[in-house]
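Here are my notes for a colleague who is coming to this structure without having seen it before. They are set out as numbered points, to be read with the sequence and the structure alongside.

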Amino acid sequence: MAKLRVGIAGLGTVGAGVVKLFAGGHARLCDKLDLVAVSARDRTRSRGVDLSAYRWVDDPVALAADPSIDIFVELMGGAEGTAKAAVETALSRGAHVVTANKALLALHGARLAQLSEKHGGKLLFEAAVGGGVPMVKALKEAVAGCRAHAVTGILNGTCNYILTEMEASGRSFADVLAEAQRLGYAEADPTTDVGGFDAAHKLTILSAIAFGTLPDYDHVRIEGIERVSRTDIQMAGKLGYRIKLIAKGALTEQGVEMHVRPALLALDHPLANVNGSLNALVVDAEPAGQLTFIGRGAGEGPTAASVASDLIELAEGRAGYPFARPLAQLASPPRATPAERGRYYVRLMVIDRPGVVAAISDRLAHEQISIESFLQMPAGEEPAVPIVLTTQACARAPVEAALKAIQALDVTTEAPYLMPVEQPAVRFGR
Ligand code: HSE
């Protein structure tokens, strides 16, 4: 059988990693696939691999349109512009597409799936989520016979690295971020990562596959890690928790609920010890029970390996629907925003004077909030001292009401910071 001809657009870390796999003669890849053409912005840049064997195409959309290319690999990134145009071009002529572009899939996944179904080209994107961790394949294949209730993940390595370093070194968010930028672990503009948007793109994709719904990025409630302070990390530790940026999708009686936000995890939570740049996903599904997938969430090797696994899936004729089911079967469930309930962590920066704690307690009591633990840091050189408390299980709304009333007391120097204590994931068979 003739080999499938591959064209790669985008020769950054991941693209170069995929070329290296071809150049290294990886058997299962090279037996059925030929890399024939590449495209990138700068032809002169050294990428640590010889590109002379491959046809160079300046315009990625022209590469996508080239009828001699069977599989167009898009590794440029960006939800709009050239990447979108190129992927649409390839799918519209019935070519297969492999991409690592989570923003494109989160925002335009339904349209791309439609083009794939209409023209017959497959669309695969294991590398878009979790780097080398097979999260997409896990949901499409491993739990295909299950009903998924929740997907809970650490999906952004940059945030996880920053939070881990803050804990290990006692340094501030700003310090650790600056260092991560110097070392090339964080982008010059870190907003997409630290603001929670990258994790939200990935969660959108995973939720669509897990719950059989159309990708619905606009429904994800997103909060980043920018306000997590040294004090929060330290206090959470004293209370037996670790702070993580958690991306969670859940199928509730009201519909699908999706959020990305920092949360406190008890140390026995399956995600509490996923540190540094690792990514992980916990899937709660019946009747399989709870499954955890963990590994390196970014970088050349892991992400190129995921691209290669998609290429081999195509070459071996195993590829199915982009979101596991035909588009017509994907639902648009109600956008659930269930009234939240649980335990909460609150940090208040207060002026250190008699009566402040009594006034705070009074406002909490007024909302029937019962305090589980209460810690005050010794006064330092700052005019304000941190007070940290956790609540017993309660609804979130009265906690927010109490915090509003506390702010109105004129004893706080900045807005209170509220984080949920992550509920243990649903466990089956206990
Ligand atoms: N920027 C991502 C992260 C890696 O920090 O996890 C690519 O998805």
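**Notes on strands, ligand and backbone**

1. Strand β7 is joined to β11 by seven bridges, and the two strands run antiparallel. Within this pairing, Thr152 of the one strand stands opposite Val282 in β11. The reader should keep in mind throughout that this is a predicted model.

2. On the question of further partners, β7 is also joined to β9, here by four bridges, and this pairing is again described as antiparallel. The bridge partner of Val151 in β9 is Gly249. As for its surroundings, β7 covers residues 147–154, and six of these eight residues are buried, so the strand is largely enclosed by the rest of the structure.

3. Strand β9, which spans residues 241–252, can be followed onward to β10, for 12 bridges join these two strands in an antiparallel arrangement. The two form a hairpin, with two residues between them. A pair that may be located in the display is Ala250, which stands opposite Glu257 in β10.

4. How many of the 12 residues of β10 are buried? The strand, residues 255–266, is mostly covered, with 11 of its 12 residues counted as buried. Besides its antiparallel partner β9, β10 pairs in the parallel sense with the strand β8, made of residues 221–222, over two bridges. In that parallel pairing Arg221 is found opposite His259 in β10.

5. A separate point concerns an open sheet of six strands, whose order is β3-β2-β1-β4-β5-β6 and whose pairing is parallel. The strands β3 (55–56) and β6 (123–124) stand at the edges and have a single partner strand each, so one side of each is left without a neighbour in the sheet. For β6 that pairing is with β5, residues 96–99, in the parallel sense and over two bridges, and Leu123 in β6 is the bridge partner of Val97.

6. Turning to the ligand, I would ask the reader to find the residues that surround it, namely Lys102, Asn156, Gly157, Thr158, Asp193, Asp198, Lys202 and Ala298. By character, this shell divides into four charged residues, three polar ones and one nonpolar one. Two helices, α7 (157–169) and α10 (197–211), each supply at least two residues of the shell.

7. Which side chains place a polar atom by an oxygen atom of the ligand? Among them is Thr158, with an N or O atom of its side chain 2.5 Å from a ligand oxygen. For Lys202, a polar side-chain atom lies 2.8 Å from an oxygen atom of the ligand, and for Asn156 the corresponding distance is 3.3 Å. Taken alone, the ligand exposes 260 Å², and the protein buries 79% of that area.

8. Some features of the backbone deserve a careful look, because most residues other than glycine have a negative phi, and most peptide bonds are trans. The peptide bond leading from Glu286 to Pro287 is cis, with omega near 5 degrees. Pro287 itself is found in the loop that runs between β11 (278–286) and β12 (289–296).

9. Where does Gln368, with its positive phi, sit in the chain? Its phi is near 65 degrees, although the residue is not a glycine, and its place is in the loop between α13 (356–366) and β14 (371–376). Gln368 has a relative accessible area of 69%, and because a value over 50% counts as exposed, this residue is classed as exposed.

10. Asp410 likewise has a positive phi, near 70 degrees, in a residue other than glycine. The residue lies in the loop between α14 (396–407) and β17 (417–421). Is Asp410 buried or exposed? With 62% relative accessibility, Asp410 counts as exposed.

11. A last point concerns the cysteines, where a disulfide would be a covalent bond between the sulfur atoms of two cysteines. The count of disulfides in this model comes to zero. Cys30, at 17% relative accessibility, counts as buried, and Cys394 counts as buried at 8%, because the cut-off for a buried residue is under 20% relative accessible area.

Conventions. Residues are numbered from 1 along each chain as its sequence is written. This is a predicted model: local features need pLDDT of at least 70, side-chain atom pairs count only at pLDDT 80 or more; totals for chains, interfaces and linings use all residues. Side-chain values use heavy atoms; hydrogens and water are left out. A residue is near a molecule or strand if one of its heavy atoms lies within 4 Å of it. A polar contact is a pair of N or O atoms within 3.5 Å; within protein, one must be able to donate a hydrogen and the other to accept it, and residues adjacent in sequence count only if both atoms are side-chain atoms. Accessible areas come from the Shrake-Rupley method with a 1.4 Å probe; for residues, only the protein chains shown count as cover. Ala, Val, Leu, Ile, Met, Phe, Trp, Tyr, Cys and Pro count as nonpolar, Asp, Glu, Lys and Arg as charged, and the others, Gly among them, as polar. A disulfide is a pair of cysteine sulfur atoms within 2.5 Å. Buried means under 20% relative accessible area, exposed over 50%, partly exposed in between (1.4 Å probe, protein chains only). Two strands pair if DSSP finds at least two bridges between them.
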